[in-house]
Amino acid sequence: MNTDWPAVARQLHEKGYASLPHLLSDALCESLKQGYAAPHGYRKTVVMERHRFGLGEYKYFHYPLPAALQTVREEVYPHLVPVANAWMEVLHLPDRFPASLDALLEQCRAHDQHKATPLILKYGAGGFNTLHQDLYGEVYFPLQLVFFLSAAGSDYTGGEFVLTQQTPRAQSKAIVLTPDKGDMLIFTTNFRPVKGSKGYYRASMRHGVSEVHRGERYTLGVIFHDAVS
Ligand SMILES: O=C(O)CCC(=O)C(=O)O
Ligand SMILES: [Fe+2]
């Protein structure tokens with residue numbers, strides 16, 4: 001991966017998200033989408049409207065993850081640890097995250113979080129994903145990834161990636177992003193520090209997907225902590 005990680009870290013500190021173009025080849029995007037229809041490889045399918053999560057469907061992978069996905073999860077994680085730890089420090093929180101993904105997953109297992117969380121999401125026309133945070137237990141990592149497997153504007157229209165940031169005593173600010181096919185977006189899972197006049201305060205972040213107007217939209221989500229169920 002030929003990434004300028006210091007520049008990514010600066011963006012994450014400044015905005016709480018960073019977009020990295022052309023991380024996945026077209027062929028890999030296509031094979032991940034094709035794999036969605038396969039009967040094996042996944043531990044759970046969620047029909048979003050049944051839980052009022054939105055309209056669409058997603059599938060959690062089971063362990064062992066597909067090799068490319070395992071590699072990305074393992075290789076990106078250590079670059080995000082310094083950012084996550086700096087956030088905890090300026091917010092005066094005791095949590096510190098270990099240097100390797102293995103060590104984080106060991107902490108997860110100690111809290112009964114054994115299940116893989118990476119997932120593929122699929123939305124058709126009218127599909128959407130309500131604003132949420134992907135917390136699956138007591139152990140959480142405050143940053144996660146989403147890979148865009150479909151081309152905005154041609155494979156689908158609408159379906160923007162939406163982040164909201166809520167600061168104390170204010171309404172929510174919306175950030176709307178439309179990355180390209182193959183891009184990777186790093187974003188805040190639950191909260192991040194924002195600098196105010198009296199030091200840093202906690203801004204709560206949520207994410208979701210606006211309504212898809214036309215076509216089909218697939219994404220691959222990579223959450224670093226594992227889930228209880
Ligand atoms: O489909 C999207 O862009 C959002 C996916 C999502 O919620 C996630 O990866 O956690
Ligand atoms: Fe999510």
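Trainee: Which residue in E11 is the bridge partner of Gln-144?

Mentor: Good place to start, and keep in mind that this model is predicted. Strand E7 covers residues 143–148, and 5 bridges join E7 to strand E11, residues 184–188, with the two running antiparallel. Among the residues of E11, the bridge partner of Gln-144 is Phe-187.

Trainee: And which residue in E15 does Val-146 stand opposite?

Mentor: E7 is also joined to E15, by 4 bridges, and this pair runs antiparallel. Val-146 and Gly-221 both belong to the residues around ligand 1. Across from Val-146 in E15 stands Gly-221.

Trainee: Which residues point the other way from Leu-143, Leu-145 and Phe-147 in E7?

Mentor: In a regular strand, side chains alternate between the two faces of the sheet. Here 6 of the 6 residues of E7 are buried. Leu-143, Leu-145 and Phe-147 point one way, and those pointing the other way are Gln-144, Val-146 and Phe-148.

Trainee: Which strands each supply at least two residues of the shell around ligand 1?

Mentor: The shell has 4 nonpolar, 4 polar and 1 charged residues. His-207, Val-209, Thr-219 and Gly-221 are among its members. The strands that each supply at least two are E13 (199–209) and E15 (217–222).

Trainee: Which helix gives the largest share of the largest nonpolar core?

Mentor: This core holds 53 residues, and Leu-80, Ala-84, Leu-145, Phe-147, Leu-185 and Ile-186 touch the most other members. The largest share, 8 residues, comes from residues 67–90, which form helix H3.

Note on methods
Residues are numbered from 1 along each chain as its sequence is written. Chains are lettered from A and ligands numbered from 1 in the order in which they are written. This is a predicted model: local features need pLDDT of at least 70, side-chain atom pairs count only at pLDDT 80 or more; totals for chains, interfaces and linings use all residues. A residue is near a molecule or strand if its C-beta atom, placed from the backbone, lies within 6 Å of it. Ala, Val, Leu, Ile, Met, Phe, Trp, Tyr, Cys and Pro count as nonpolar, Asp, Glu, Lys and Arg as charged, and the others, Gly among them, as polar. A residue is buried if 20 or more other C-beta atoms lie within 10 Å of its own, exposed if 12 or fewer, and partly exposed in between; C-beta atoms are placed from the backbone. Two strands pair if DSSP finds at least two bridges between them. A nonpolar core is a set of buried Ala, Val, Leu, Ile, Met, Phe, Trp, Tyr and Cys residues joined through C-beta atoms within 7 Å.
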